[in-house]
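Hi everyone, thanks for coming. I'd like to walk you through some charged contacts and a metal site today, so let's put the structure on the screen.

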Amino acid sequence: MKPLTVSGAVLDGAPVGLRCVDGRIAALGAEVVSEPGDETIEAGGAPLVAPLVNGHTHAAMTLFRGHGGDLPLMRWLREVVWPVEAKLDAEDVYWGTRLACAEMIRSGTTHFWDMYWQPGATARAVEDAGLRATIGGPLFDVDGKTEAMQRAARGYLEELAESGPLVAASLAPHAIYTVSEELLRWTAEQAAERGIAVHIHLAETEQEVDDCVAAHGERPAAYLDRLGVLGERTLLAHGVWLDEAELGLIAERGCTVVTNPVANMKLAVGGIFPYPAARRAGVAVGLGTDGAGSNDSLDLLADLKLFALAQRHANGDPTVLPAAEAWRVATGACSPLLGGAELAVGGAADFLLLRRDCPELGLGDLHADLVYAASGSAVDTTVVAGRVLMRGGEIPGLGEIVSHAAERARGLGIGRAGRS
Ligand SMILES: [Zn+2]
C-alpha cells in the first residue's frame, strides 16, 4: 500500500499535515508534505479528529433492523431474535456485518467490539471492509451442553486466528443468566491462558441482579469475580444496575464497562449506567451502540449525545459529563482495553476528517458541537491503518452491500415488499 499524506487539515485549531506509512502515523505537524508516489488528500481546512470505538455491538444484527422491536428484553430475545438466529448461516452474517461496517465507516467508527454467531464470517467481513474489530462468538449453555459449547468456542478461536492484524479474538460468554458457572470459569481460564479479552453482558436489567442474588447470594460483579472472570481484559457491557461496591470491585480488577444508553432506553431497562459513581471509583468506561436489533442505529456519534444528555438529566447536574470527556469516552481514550487510536507519530493511522461544510459544526468548541449537534453525517473521510475507507462521504461498493444484505434478510423472512 502506498503511503498516504493528508495536507491542509486542522487539528485542535491549528493547520496540520499527516503522513501515514505501513499503517502508522509517520509524521504529523504543520510542516508535513507529501513525497513522490504518495496517495494524497487535500483536506482544505477540514477538522482532523480521532475516530470512534464502538465498545459493544452485534454487527450482523443489521439484518434484524425494524423486526419486532416493541417487546421487553427477554420476550424480544425468545420470540424474535433467537428463532431467526437459529436459521442464520455464514453468508447472512457476512453481509449483515458488511452492512454494519459500512454504517460504522460512514459515521466515524473504526474499531468495534462484536459478539455474534459465525465469528469467522464476521472477521472476513471486517477485513473486506477494512475496519478493526475485536470479535467473539457468543457462548451459551442454558441447554446444559457445556462441553459442546467449549468445543464450539475452541473452533471460533481457531477460525479467528486465521485473521489478519486488524482483527483480534475474544471469548464472549453471553451473560450470567445464559452461561453456567462451569462455562464461565472455563472462559476465564482460557482467556487468561491465551491472553485474550472476555466480553460479556452484565447488569443490564434489575431482574438479572435479583435473579443472581437469589441463585448465588451475591450481586453480578461479585459473582463473576468469584469465578475469576474480572480482570484487565474483561469488557462488561451495560452495567446499568451496578452498585457502588461492584463499581469499586470492577475498578480494582481493571475491567472496562461499556455503556449502551440508546439500547437501554429502547429496551426500557429502567435505569442508566451510574457514570459519576463509576468515574469516582476509577472504572474504565467506553461507549457502545449494542446491536442494530436493539438500537437500531450504529451511529455512535448520534448515541454520544444521548449518553451525555441521559447522564446530565438523571443526575440533575449539567456539569456531570463535560463534552470533551464524553468525546474521550466515545473514542476509547478512557479505557486501556478498548484500543482507541490517539493521533500521534508512531500511533495507528486511524483518523477522521470532518466535513468542511457541515452545518452542525459551528465556530465554538468542536467537542461540544460533536457531542450535541453533529451525527455521523459530519464525517467526510474515514481512514484505518492508512487506508482510505470513505472519502467525501462515499464508500465504494455500498449499493452492492445494501442489496446483498437485503437479500439475506429476506431469506430469513425479514424483508419487506418493495425493498431491493
Ligand atoms: Zn448486546
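One definition before we start: a residue is called buried under 20% relative accessible area, exposed over 50%, and partly exposed in between. Keep in mind, too, that this is a predicted model.

So where does Glu91 fall, buried or exposed? Neither: its relative accessible area is 32%, so Glu91 is partly exposed. Glu91 makes a salt bridge with Arg124, and their closest N and O atoms are 3.1 Å apart. This contact ties together distant parts of the chain, since Glu91 sits in helix α2 and Arg124 in helix α3 (residues 119–129), 33 residues apart. Arg124 has a relative accessibility of 36%, so Arg124 is partly exposed as well.

Helix α2 (residues 90–106) also holds Glu103. Which residue does Glu103 pair with in a salt bridge? The partner is Arg65, with 2.5 Å between the closest N and O atoms. Again distant parts of the chain are linked: Arg65 lies in the loop between β6 (52–57) and α1 (73–85), 38 residues from Glu103. With a relative accessible area of 31%, Arg65 is partly exposed.

Now for a pair with a buried member. Glu246 and Arg219 meet through their side chains in a salt bridge, 3.0 Å from N to O. Here helix α8 (residues 244–253), home of Glu246, is joined to the loop between α6 (206–216) and α7 (220–226), where Arg219 sits, and the two residues are 27 apart. Glu246 has just 4% relative accessibility, so Glu246 counts as buried, while Arg219, at 28%, is partly exposed.

Some of these contacts join up: Glu181, Arg185, Glu218 and Arg226 form a network of salt bridges. How many salt bridges are there in total? The count is 20.

Let's move on to the metal. Which residues coordinate the zinc ion? They are His56, His58 and His201, each through NE2, plus Asp290 through OD, at 2.1 to 2.3 Å. Along the chain these donors are spaced as H-x1-H-x142-H-x88-D. His58, in the loop between β6 and α1, and Asp290, in the loop between β14 (284–287) and α11 (300–315), are 232 residues apart. Both His58 and Asp290 are buried.

And the geometry, for those of you who like to set up metal parameters? The angles among the four donor atoms run from 86 to 171 degrees, and the zinc site is irregular. For comparison, four tetrahedral donors ideally give angles of 109.5 degrees.

That's my tour, and I'm happy to take questions.

Note on methods
Residues are numbered from 1 along each chain as its sequence is written. This is a predicted model: local features need pLDDT of at least 70, side-chain atom pairs count only at pLDDT 80 or more; totals for chains, interfaces and linings use all residues. Side-chain values use heavy atoms; hydrogens and water are left out. A salt bridge is a side-chain nitrogen of Lys or Arg within 4 Å of a carboxyl oxygen of Asp or Glu. Helices (H or I, at least four residues) and strands (E, at least two) are DSSP runs, numbered from the N terminus. Buried means under 20% relative accessible area, exposed over 50%, partly exposed in between (1.4 Å probe, protein chains only). Donors are N, O and S atoms within 2.8 Å of the metal (3.2 Å for Na, K and Ca); water is not among the atoms, so sites may look incomplete. Four donors count as tetrahedral if all angles lie between 85 and 135 degrees; four count as square planar and six as octahedral if opposite donors are over 155 degrees apart and all others between 65 and 115; anything else is irregular.
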